[in-house]
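Colleague: Please take a close look at one part of this structure and describe it in a single connected account. I am a first-year student, so kindly explain each technical term when it is introduced.

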Amino acid sequence: MRLARMGSFHPTRLSFARALVRRMAREGWVVCQDRFELDDTGTGVAVYRVTTPLRPLWFVVFADHLDPADRTDRVIAEKWDATFTLTEAEPETATLARLAAAVPRQEAGRCSEHELVLSRANKSVRLFDHVADRLATGRQPDRDKLLEVGYLVRTTAVYGNGKFGVADLARARQAGPFGPPFQAEMLCVYLARQFSLDWVEHIARRRSPATFRPLDHEVARGLGVGNATGLGMAPFLAGHPKLICRWIGMRETALARVREIEHCDPATRERFVELVSRARAHVAQWPTSDAGQAERIATLARELDRLVACLPGPGEVRPWDRLFTGISACASPETQEVLVSILIELYPELSDGFDEEAGSREEMMLDPGASPEALRALIEDRYGWALDIDFSAPDATALFWYFSQEKSEPRIGHRAEEPGADREMPVAVARDVAALHRVLVETRDAHATVAEFLLARPEWRGVVRRVQSLASCPYAEIRDNLIDRGCRPIDLLRCKLAILGATRFDPKSDLWTRVTLFQGAPLLDELDRGDADDWAFASLPGHAGA
């Protein structure tokens with residue numbers, strides 16, 4: 001739970017994108033176009049019907065013409081190339097009219113409890129136009145250009161759980177087949193990918209019906225959906241400690257089960273070599289403009305060869321534990337995390353099903369009858385990492401997090417240089433817990449119970465509640481100082497994005513990144529294939545790196 005480790009995470013088969021596609025394939029979901037009414041320029045309405053064993057859902061798209069001057073990925077944008085919703089209400093005439101009045105306006109509109117997700121996307125204009133031009137003339141797109149971007153559109157927000165009138169989590173679970181968290185949002189993104197493929201082919205076909213050729217399946221499969229993510233996602237991890245503990249605990253449990261395996265059979269050894277080969281191809285096609293990330297990728301590429309060189313021999317006892325321990329001692333965090341993903345991938349039977357337990361209630365309860373001495377001992381046992389930080393050093397409290405009303409998203413300020421620290425968001429867990437511990441030491445024996453302590457010092461109620469509530473949650477806290485001058489929020493973003501299933505992390509600063517979702521995922525007509533779940537470490541076939 002250190003930032004440097006969290007900032008090296010890779011998706012696993014437990015990631016939400018993988019879990020969604022696995023479920024769609026297992027349950028035989030069928031997606032088809034109910035309506036595709038776009039003009040020659042690609043402007044209009046599209047409706048996809050999603051048939052699930054429980055009930056149908058509809059993915060409704062409003063495609064528009066966006067002036068270049070209005071094109072921005074910022075959350076404060078007011079216009080987009082396409083806007084989407086996932087709804088349980090069949091979009092007949094009246095419903096479609098209601099959605100047309102609300103969905104293209106996004107935050108400024110108002111959805112109903114029948115809508116489960118609200119989202120939008122912008123084209124990656126250069127690649128989108130290139131693909132449309134090529135397909136119109138009967139040619140496949142240039143694969144170097146595909147590799148450079150990796151997607152035709154990128155989402156700029158995916159809203160669920162009650163935002164802007166859409167159904168809250170409880171309602172979404174009733175209205176659709178969504179038990180685990182973020183499954184409705186992931187379905188929306190997966191369908192946005194499908195629409196982007198249909199969209200570019202529609203435009204190309206209209207340009208030149210006589211010469212048009214559709215995208216090759218393998219090329220289409222190699223394209224995902226882009227996403228630009230900034231600080232808005234980062235505070236989520238600090239604000240949902242029980243949920244994060246559940247997610248990391250699933251991963252660690254799956255890994256522990258693999259490490260306990262006594263022997264490795266020849267077929268699994270071959271599968272390991274195949275996955276390492278895939279990882280090499282994936283890494284070779286991982287573009288980034290960030291010098292630090294580029295160096296990490298280069299190191300990862302070199303170190304992947306060690307994985308095969310250290311492959312367990314026939315008859316070796318607890319081979320994966322030995323391999324994991326050895327690689328952890330000599331390789332970079334990026335390589336170690338790729339190994340984690342590979343090991344979990346090897347044994348689906350040891351991990352699949354965890355996704356059904358991925359939710360958690362963020363209930364925080366005080367234990368008022370506990371003694372302050374017990375509370376102090378609990379902090380020393382669980383938060384020793386926080387007590388080791390010297391908060392008297394200026395750099396240790398240099399930053400503060402706040403919510404910008406103007407930008408409608410979290411921001412980071414410099415405490416000594418900017419106003420607003422009096423309104424900082426509650427993410428400085430290490431500082432606050434260390435301060436509580438200091439107070440408990442200073443007031444030792446002054447109070448018999450936590451209740452008495454809080455009556456005298458009510459300002460510590462929230463911190464005490466958090467410490468007591470998370471006593472049995474080993475992965476709940478980020479074990480670093482989030483207000484230190486050297487804090488890199490990009491590490492928080494990568495952790496959550498990897499859990500969602502994102503790849504091709506391309507940091508644009510320490511504050512935001514671009515990623516790709518669903519690259520390599522089966523297309524709609526491939527969900528019934530036996531290998532529909534086998535898309536770890538996807539790459540674009542036919543390129544030199546693959």
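**From the chain's late segment into the sheet**

Modeller: Phe518 counts as buried, because its relative accessibility is 1%. The term "buried" applies under 20% relative accessible area, "exposed" applies over 50%, and "partly exposed" covers the values in between, with a 1.4 Å probe and protein chains only. This is a predicted model, in which local features need pLDDT of at least 70 and side-chain atom pairs count only at pLDDT 80 or more, while totals for chains, interfaces and linings use all residues. Residues are numbered from 1 along each chain as its sequence is written, and side-chain values use heavy atoms, with hydrogens and water left out.

Phe518 belongs to the segment after strand 11 (513–517). Helices (H or I, at least four residues) and strands (E, at least two) are DSSP runs, numbered from the N terminus. The backbone angle phi of Phe518 is near 65°, a positive value in a residue other than glycine. Most residues other than glycine have a negative phi.

Strand 11 leads to strand 7 (residues 224–229), to which it is joined by five bridges in the antiparallel sense. Two strands are said to pair if DSSP finds at least two bridges between them. Gly226 has Thr516 in strand 11 as its bridge partner. Strand 7 also pairs with strand 6 (residues 151–159), here in the parallel sense and over three bridges. Thr155 stands opposite Asn227 of strand 7.

How many of the six residues of strand 7 are buried? Six of the six are, so strand 7 is largely enclosed by the rest of the structure. Thr229, which lies in strand 7, is one example: its relative accessible area is 7%, which is why it is classed as buried. Leaving aside residues up to four places away in sequence, Thr229 touches Leu493, Leu497, Leu511, Trp512 and Thr513. Such a contact means heavy atoms within 4.5 Å.

These strands form part of a wider arrangement. An open sheet of nine strands has the order 1-2-3-4-5-6-7-11-10, and its pairing is mixed. Its edges are strand 1 (30–38) and strand 10 (503–507), each of which pairs on one side only. From one strand to the next, the twist averages 25°. In a regular strand the side chains alternate between the two faces of the sheet.

At one of these edges, strand 1 pairs with strand 2 (residues 44–51) in the antiparallel sense, over eight bridges. Within this pair, Cys32 has Arg49 in strand 2 as its bridge partner.

Helix 3 (residues 93–102) lies across strand 1, strand 2, strand 3 (56–63), strand 4 (82–87) and strand 5 (115–123), and runs at about 50° to strand 3. Axes here are lines fitted to C-alpha atoms, for helices over the stretch in contact, and angles run from 0 to 180 degrees between N-to-C directions.

The loop between helix 3 and strand 5 holds Gln106. Which values of phi and accessibility belong to Gln106? Its phi is near 55°, a positive value in a residue other than glycine. Gln106 counts as buried because its relative accessibility is 0%.

The account may close with helix packing. Two packed helices are described by the angle between their axes and the distance between the axes. Helix 13 (residues 319–330) and helix 14 (residues 333–346) pack at an angle of about 165°, and their axes are 10 Å apart. The two helices are therefore roughly antiparallel. Angles under 35 degrees count as roughly parallel, over 145 as roughly antiparallel, 65 to 115 as roughly perpendicular and the rest as oblique.

Trp320, Leu323, Phe324, Ile327 and Ser328 in helix 13 meet residues of helix 14, including Leu339 and Leu343. The residues of this contact divide into eight nonpolar, three polar and no charged. In this scheme, Ala, Val, Leu, Ile, Met, Phe, Trp, Tyr, Cys and Pro count as nonpolar, Asp, Glu, Lys and Arg as charged, and the others, Gly among them, as polar.

Helix 12 (residues 291–309) also meets helix 13: their axes come within 11 Å and cross at roughly 150°. Helix 12 is therefore roughly antiparallel to helix 13. Glu303, Arg306 and Leu307 in helix 12 meet Leu323, Ile327 and Cys330 in helix 13. This contact has four nonpolar, no polar and two charged residues.
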